[in-house]
Amino acid sequence: MKIVVLKERSSEESRVAAVPETVKKLTGAGHTLIVEPGAGLVAGFPDAAYEEAGAQIFDKELGNADLVMGVRRPPAEVLSQVKEGAGVIGLLEPHSINDSLGDFNARKLMALSMEYTPRITRAQSMDALSSQSNLAGYRAVIEGAALYGRAMPMMMTAAGTVAPAKVFVMGAGVAGLQAIATARRLGAIVTATDVRPAAKEQVASLGGKFIAVEDEEFKAAETAGGYAKQMSEEYQKKQAELTASHIAKQDIVITTALIPGRPAPTLISEEMVANMKPGAVIVDMAVAMGGNCPLSKPDEVVNVNGVKVAGFSNLPARLAADSSSLLAKNLVSFLPLITGENGEFAPKFDDEIVAAMTLTRDGETVHATLKEG
């Protein structure tokens with residue numbers, strides 16, 4: 001098939017959906033790769049590297065593409081150039097896609113959202129949310145350490161001892177676990193909390209101490225897909241009381257709590273921030289969905305009486321080369337599910353992974369969550 005790799009239209013997005021390594025694999029499998037000029041430049045992949053890997057550099061091939069690969073959802077002006085019946089795949093932000101569904105359906109495009117990759121064993125290599133969250137968790141600690149302005153590990157010197165930083169990670173999913181591991185590697189004392197019972201053992205295995213209200217609601221707080229459930233107001237109040245005094249003693253707090261399709265839950269109140277010591281740092285990884293702290297602002301560092309509240313809306317883009325490489329490999333792993341015997345674009349509609357990821361097809365919105373909403 002003919003695959004076009006988009007240059008991202010947003011100035012805030014530095015990732016790219018294919019890298020020279022994956023281009024080589026795809027061209028070796030018989031596909032034709034067209035990369036828009038400068039698509040990978042910000043991520044450190046010049047056009048020459050793509051050409052050397054077997055791609056063509058051209059910006060007028062959207063109308064001939066069987067499959068369009070992008071990182072984020074393409075804007076309407078891009079979708080209008082794609083030929084009818086083609087596929088469009090990427091991180092399409094399905095929970096905010098309603099206004100764009102008409103653009104996909106007008107061209108009868110098959111919209112494939114990487115966010116809806118099911119969490120089953122067979123799909124692990126295709127799970128872009130996990131690959132990107134892993135890097136985001138790492139980067140959150142690096143950003144927090146830079147803002148903190150003190151050493152992370154304990155240091156014993158002739159001039160005296162430097163105490164280790166205390167890091168508290170709220171949410172122990174993929175991003176949170178990587179944040180715990182990174183903070184531990186940097187020498188910090190790490191504590192963590194999560195509403196999912198399985199997280200307790202995972203936190204301990206990484207050297208962190210687990211903190212949570214372990215009642216009956218806590219024991220049932222995980223969906224079959226491995227995501228955290230929305231907790232009751234009563235539980236959230238109890239958890240807030242438990243963590244409030246703990247947060248006041250912390251140097252760096254990293255929040256990672258997200259509920260798919262819903263605003264991010266508030267984990268750190270303004271009162272909690274007021275009780276933190278000057279010089280402390282909060283890194284709000286959920287700021288793009290409203291934030292786990294009401295004081296955080298997208299892509300800003302807000303100083304609240306000496307406490308720095310940082311909101312980074314796209315942490316993977318701060319590691320553009322690695323995040324692009326992992327995303328590109330996720331896409332390569334998925335490609336066989338939409339490729340026919342002769343290399344043509346032929347989605348296996350009855351495959352559970354393809355079905356779970358398909359938002360639109362043949363001019364209709366087909367995903368259950370979108371049809372409902």
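Reader: What makes a residue count as a contact of Val16, and which ones do?

Author: A contact needs heavy atoms within 4.5 Å. This is a predicted model, and in it Val16 touches Val5, Leu6, Ala39, Gly40, Ala43, Phe45, Tyr50, Val71 and Ser324, once neighbours within four places in sequence are set aside.

Reader: Which residues have the most contacts inside the largest nonpolar core?

Author: Val16 is one of them, along with Ile3, Leu67, Met69, Ile89 and Phe334, in a core of 41 residues. Helix α11 (residues 320-334) gives the most to this core, with six residues. There's also a second, separate core of 36 residues, including Ala136, Ala165, Val190 and Phe312.

Reader: Why is His246 called what it is, buried or exposed?

Author: The cut-off for buried is under 20% relative accessible area. His246 comes in at 16%, so it counts as buried. You'll find His246 in helix α9 (residues 233-247).

Reader: How do you know what joins the side chains of His246 and Thr191?

Author: From the distance: a polar contact takes N or O atoms within 3.5 Å, with a possible donor and acceptor. The side chains of His246 and Thr191 are joined by one of 2.7 Å, which meets that limit. Leaving out residues up to four places away in sequence, His246 touches Phe168 and Ile211 as well as Thr191.

Reader: What makes β11 and β14 edge strands?

Author: Start with the order: β11-β10-β9-β12-β13-β15-β14, an open sheet of seven strands with mixed pairing. β11 (209-210) and β14 (300-304) each have a single partner strand, so one side of each has no neighbour in the sheet.

Reader: How do you know that β9 and β12 pair?

Author: Pairing needs at least two bridges. Strand β9 (residues 166-170) and strand β12 (residues 252-255) run parallel and are joined by four bridges, so they qualify. Within β12, Ile252 stands opposite Val167.

Reader: And how many bridges join β2 to β3?

Author: Two, between parallel strands. That meets the requirement of at least two, so β2 (residues 32-35) and β3 count as paired. Gln56 in β3 is the bridge partner of Ile34.

Reader: What makes the charged end of Arg361 count as sitting over the ring of Phe349?

Author: CZ of Arg must be within 6 Å of the ring centre and within 35 degrees of the ring normal. The charged end of Arg361 is 3.4 Å from the centre of the Phe349 ring and is listed as sitting over that ring.

Reader: How many aromatic pairs does the structure hold?

Author: Zero. A pair would need ring centres within 6.5 Å.

Note on methods
Residues numbered from 1 in each chain as written. Predicted model: local features only at pLDDT ≥ 70, side-chain atom pairs only at ≥ 80, totals over all residues. Heavy atoms only, no water. Buried < 20%, exposed > 50% of the residue type's maximum accessible area, 1.4 Å probe, protein only. Phe/Tyr/Trp six-rings, centres within 6.5 Å; stacked < 30°, edge-to-face > 60°. Core = buried A, V, L, I, M, F, W, Y, C linked by side-chain atoms within 4.5 Å.
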